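This briefing goes through the helices, side-chain pairings and surface of the structure shown below, for a reader who has it open alongside the text.

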Amino acid sequence: MDKFRMIFQFLQSNQESFMNGICGIMALASAQMYSAFDFNCPCLPGYNAAYSVGILLAPPLVLFLLGLVMNNNVSMLAEEWKRPPGRRAKDPAVLRYMFCSMAQRALIAPVVWVAVTLLDGKCFLCAFCTAVPVATLGNGSLVPGLPAPELARLLARVPCPEIYDGDWLLAREVAVRYLRCISQALGWSFVLLTTLMAFVVRSVRPCFTQAAFLKSKYWSHYIDIERKLFDETCTEHAKAFAKVCIQQFFEAMNHDLELGHTHGALTTATATATSAAQSPSDRAEEEREKLRGITDQGTMNRLLTSWHKCKPPLQLGQEAPLMGNGWAGGGARPPRKEVATYFSRV
Amino acid sequence: MDRFRMLFQHLQSSSESVMNGICLLLAAVTVKMYSSFDFNCPCLARYNALYGLGLLLTPPLALFLCGLLVNRQSVVMVEEWRRPAGRRKKDLGIIRYMCSSVLQRALAAPLVWILLALLDGKCFVCAFSSSVDPEKFLDFANMTPSQVQLFLAKVPCKEDDLVRDSPARKAVSRYLRCLSQAIGWSITLLLIVVAFLARCLRPCFDQTVFLQRRYWSNYVDLEQKLFDETCCEHARDFAHRCILHFFASMQNELQALGLRRNLIGGNPKPQEPPKTPEDLDGGSGKDYLRAICSQEQVDHLLCTWYSSKPPLDLPASPSLWRPGLNHRAPVAAPGTKLYHHTDV
């Protein structure tokens, strides 16, 4: 148990390594998916290109959306984007930071899919087999005699060895080697380009806007933590609320029973009821403290609505007096004016 | 349990060992990538050289960039290079040290790829089969030059009709593989000798400078990590206080509007923040939160951290130094500068 807690703490404290681990897993899953996928070129002139382009582009899109969905921060971003400003202004730099970091991580699996597809070559072969330069690779003299649809039909069968019947025109192996070579060259160029872009983005960023970056990172992390803590506090509150509600119900039932019983039974019942009522009322007092004064549905609803519509400003200067004797006697205090202090300097 | 804690502490404290681990992982990934890559020489005159050399050089370049990306210290180095001097002067020697250590580690995976490719031989055979001198081989005596060129271009493809089961093809292929492996082993030997010499001869030059630079580059890295962790803890406490404050201010509002009903059995008690969450947070969380508890103050803190890092000048006090170190420690007078400086 302790072991898990420690691992969890390590991963949470080092959020970057946790997210990087998730990215690595998704990249591996992407490569594994590709190898498990049974590519099946239709070998028909019109359909080859559509099939190949579909295989090249549709799974990456799905993987990208999956990557966004699996990231918990998407809902956090949406919440922060749509909430009313209230007493806390919104900072577009923080929203941009959150979106960029999520998009970067979600892009890794699609990039791996595209790279693996190009390096394997089957997709490219299927898409461009009809565009092979027969004149240079095969018997160029026979090409003018062939009508274009017949040529296309012949060449479209290159990816399918069992039905290819154009060996007299162009050796299948030659065409396959040629197209796969180009596909692999494109694949490696794509890999190089993406790593270069990632390197430039990561290394050049500290040269510009480092202070703004630190701020955005801090506040986006803060928003995440605040949301989690608020959920935890609400859960605690709901528990206490429910406990007190049920205890009050039982106490009310007890009270009714006391009133309805005969005297003889009442004394014993009272004795047991009072003795039983003392310890629950002590516990009830503890639970009531946890309620922090919010003790009915209407108030709780107001609290939740207010949390969404009008988040508190990021200003804790008035902490000390709240814990002091200011509340002894429970007199009504005028609500303190809070200065809205969250504004963007970016 | 203890082992895990020690392992995590070790990994977190010594960033060098983390980097070495990542470097080894990337080298293992390179080997796996090479073995699973399906080599496919086009066996066409002009394309062979491009494909062979491209495959020899492009993946190493991509792996080098990956090695730089994956290494956290490269970002730390760029940040240290670009930060304003502020109250802490910059030492270019440290930046150079970090740069060289990052580059050395990033070069491991590309070298593994290049050596694997050379020792395997396929790349070399594909790239240079068209450039072989036909005079070396007797089998080409009775072929025209264009036939020879066509033949040589198809040498890397064993299954091609033109060259299948041809002794000439096997001869050329063996020759090129032998050359490729010789080059591969020579490069391996050279690298190992260079690394050995560099490591053994380093203590002969500037050892103190080296120790200082290693220490301070490690320090910069750890300081950045600890700052991030401290910001996380601070954000957590900030959020906690903010939420408690919010609940309390709701209560205030309700009191003012008279919506709060009396609880059954007594007057409303003064609400104190619950003790349990604060106990969990610990004292240290509250201490620095009290001083920094508004958005402006946090922003100011972060800006100052960037533009003007504090000087490396911890006030020397008896509590900081153990008795054993005192006789070696500088005079512990307040205001004594414990600056690092290198006599370059």
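A salt bridge is counted here where a side-chain nitrogen of Lys or Arg is within 4 Å of a carboxyl oxygen of Asp or Glu. By that rule Asp221(B) and Arg72(B) form a salt bridge through their side chains, at 2.8 Å from N to O. The model is a predicted one, and every distance, angle and area below is computed from it.

**Make-up of chain B**

- Chain B contains 14 helices and zero strands, and its elements, followed from the N terminus, accordingly read α-α-α-α-α-α-α-α-α-α-α-α-α-α.
- Of the 344 residues in chain B, 40% are buried, while the accessible surface of the chain comes to about 19,700 Å², with 63% of it belonging to carbon and sulfur atoms.
- Among the contacts in chain B with a separation of 6 or more, 76% are made by residues that stand 24 or more positions apart.

**Salt bridges**

- Over all chains, the whole structure holds 15 salt bridges, and a few of them are described in the points that follow.
- The bridge between Asp221(B) and Arg72(B) has N and O 2.8 Å apart, and the pair links distant parts of the chain, with Asp221(B) in helix α10 and Arg72(B) in helix α4 (residues 72–82) of chain B, 149 residues apart.
- The two partners are covered to unlike degrees: Asp221(B) counts as buried because its relative accessibility is 2%, under the 20% cut-off, whereas Arg72(B), at 26%, counts as partly exposed.
- Glu80(B) also forms a salt bridge, with Arg83(B) as its partner and 3.2 Å between the closest N and O atoms; Glu80(B) is buried at 8% relative accessibility, and Arg83(B) is buried at 3%.
- Arg177(A) and Asp160(B) meet through their side chains in a salt bridge of 3.1 Å, N to O, and this pair crosses between chains, from helix α10 of chain A to the loop between α8 (145–153) and α9 of chain B.
- Both ends of this inter-chain bridge are buried, since Arg177(A) has a relative accessibility of 8% and Asp160(B) one of 10%.
- Arg177(A) and Asp160(B) belong, together with Lys154(B), to a network of salt bridges.

**Aromatic pairs**

- The count of aromatic pairs over all chains comes to 18, and one of them is the edge-to-face pair of Trp188(A) and Trp113(B), with 5.6 Å from centre to centre and 75° between the planes.
- Trp188(A) lies in helix α10 (residues 172–204) of chain A and Trp113(B) in helix α6 (residues 108–120) of chain B, so this pair joins two chains.
- Trp188(A) is buried, with a relative accessible area of 7%, and Trp113(B) likewise counts as buried, at 1% relative accessibility.
- Tyr222(A) and Phe238(B) form a further edge-to-face pair, whose ring centres are 5.3 Å apart and whose planes make an angle of 85°.
- Because Tyr222(A) is in helix α11 (residues 210–260) of chain A and Phe238(B) is in helix α10 of chain B, that pair joins two chains.
- Tyr222(A) counts as buried at 0% relative accessibility, and Phe238(B) is buried with a relative accessible area of 0%.
- Ring pairs also build a cluster, in which Trp188(A) is linked with Tyr34(B), Phe37(B) and Trp113(B).

**Charges over rings in chain A**

- Lys82(A) places its charged end over the ring of Trp81(A), at 5.4 Å from the centre of that ring.
- Arg205(A) lies over the face of Phe213(A), with 3.6 Å to the ring centre.

**Nonpolar surface of chain B**

- Leu189(B), Val193(B), Phe196(B), Leu197(B), Leu201(B) and Phe205(B) make a nonpolar surface patch of about 630 Å².
- Phe205(B), one of the residues in this patch, lies in the loop between α9 (167–201) and α10 (207–257) of chain B.
- Which class of accessibility does Phe205(B) fall into, buried or exposed? Phe205(B) is exposed, because its relative accessible area of 59% is over the 50% cut-off.

Methods
Residues numbered from 1 in each chain as written. Chains lettered and ligands numbered in written order. Predicted model: local features only at pLDDT ≥ 70, side-chain atom pairs only at ≥ 80, totals over all residues. Heavy atoms only, no water. Patch = residues over 30% accessible without salt bridge, like charges linked within 9 Å, V, L, I, M, F, W, Y side chains within 5 Å. Areas by Shrake-Rupley, 256 points an atom, 1.4 Å probe, with all protein chains shown as cover. Helix = DSSP H or I, 4+ residues; strand = E, 2+ residues; numbered from the N terminus. Buried < 20%, exposed > 50% of the residue type's maximum accessible area, 1.4 Å probe, protein only. Phe/Tyr/Trp six-rings, centres within 6.5 Å; stacked < 30°, edge-to-face > 60°. Lys NZ or Arg CZ within 6 Å of the ring centre and 35° of its normal. Contact = heavy atoms within 4.5 Å.
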